[in-house]
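Please look over the model shown here, beginning with a single pair of facing residues and moving outward to the whole fold.

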Amino acid sequence: MFKNFFKQFSKDVGLDLGSSHTRVYVRDKGIVVDEPSIVALNSKTDQIIAVGHTARDMVGKTPGHISTSRPLLRGIISDYEVAEKMIKYFIDKVHEDGINLVPRPRIVVAAPLEITEVERKAVEDAAYAAGASEVHVIEAPMAAAFGVRLPVEDAVGTMIVGVGAGVTEVAVISLGGVVTWRSIQVMISDSHVREAIQRSVKTIIDTVKATIEVTPPELVADIHERGIVLVGGGAQLRGLDRTLARAAEIPVRVADDPTTAVVRGTGLLLEHPSVLAEVELPSARLQDKVG
Ligand SMILES: Nc1ncnc2c1ncn2[C@@H]1O[C@H](COP(=O)(O)OP(=O)(O)OP(=O)(O)O)[C@@H](O)[C@H]1O
Ligand SMILES: [Mg+2]
């Protein structure tokens, strides 16, 4: 009964655990957290000193007993304990103004396509440990496609290319599922070195072409007609859309507000339970119990 009581006053949250930034979406409010995925810890007391922007400002300036760490690598939890603390910090922050002392939100969290069951279970466990009453995991490109209002449930091929800080994902979606996909770790670095950028762009083009090659012709025809949609921070790289369009001979457009497409999708899915049920991944915890 108390569980439901707390749940009633909790804000359901959409969560995008990015390699560089963590984003949280809350219904009626929009994006309430968009902060670096960085945590500063006191190794003497094992306590969190700062998270997000504040922690980033400490990077490179810490004394011996304080360390800053990034708990996500390529969109996957690399340090479980720190990730759990970070998620809890952001969830609590969202509920700071509320009357509930123990937030028990439903959480929809995006995960990269290239994730093992063990890694997916870690995401679910971390979200439950942070206080979630329900956790739903969704593939990041699916979340992004839903976030930018592409017709993910229709029998029509949609190609979404997500260029993030740690991972670039190319996915073809149709009938509520990812049909074909490719994922790469060589990303657009913060370096402005021309060759480095050119190499990254070439890798993205090759990955799009490789995905097209394994995609059924009916869906390829749809993609040619409807074009490719770019999301993620790297989508803002100047000229990427035009270069990709020319190389793939397919129209390309950058989604509006491309960096928040994934988190908007996770948040919107909470308002569409039937779509969520259709597109979410099975719980890795459940499989663990059964198997
Ligand atoms: N204007 C820009 N031009 C080129 N690249 C940009 C621009 N703005 C942001 N980026 C790149 O976008 C990346 C951050 O993208 P994003 O916030 O989508 O990553 P993330 O979600 O944290 O990581 P991931 O999804 O890979 O785990 C950074 O690597 C940054 O270099
Ligand atoms: Mg991302």
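Leucine 41 stands opposite isoleucine 48 in β5. Strand β4 (residues 39-42) and β5 run antiparallel and are joined by four bridges, strands being DSSP runs of E with at least two residues, numbered from the N terminus, and two strands counting as paired if DSSP finds at least two bridges between them. This is a predicted model, in which local features need pLDDT of at least 70 and side-chain atom pairs count only at pLDDT 80 or more, while totals for chains, interfaces and linings use all residues. Residues are numbered from 1 along each chain as its sequence is written, and chains are lettered from A and ligands numbered from 1 in the order in which they are written.

The open sheet has three strands in the order β5-β4-β6, with antiparallel pairing. Its edge strands, β5 (47-51) and β6 (66-69), each pair on one side only.

Helix α3 (residues 80-94) has 15 residues, which at 1.5 Å a residue should span 21 Å, and its end C-alpha atoms are indeed 21 Å apart; the expected span is 1.5 Å times one less than the number of residues, and a helix is a DSSP run of H or I with at least four residues. Among the buried residues of α3 are Val82, Met86, Phe90 and Val94, where buried means that 20 or more other C-beta atoms, placed from the backbone, lie within 10 Å of the residue's own.

Across the whole protein, buried residues make up 46% of the 291 residues, and the secondary structure comes to 11 helices and 15 strands. The C-alpha trace spans about 55 × 45 × 40 Å along its principal axes.

Methods. Buried ≥ 20, exposed ≤ 12 C-beta atoms within 10 Å, placed from the backbone.
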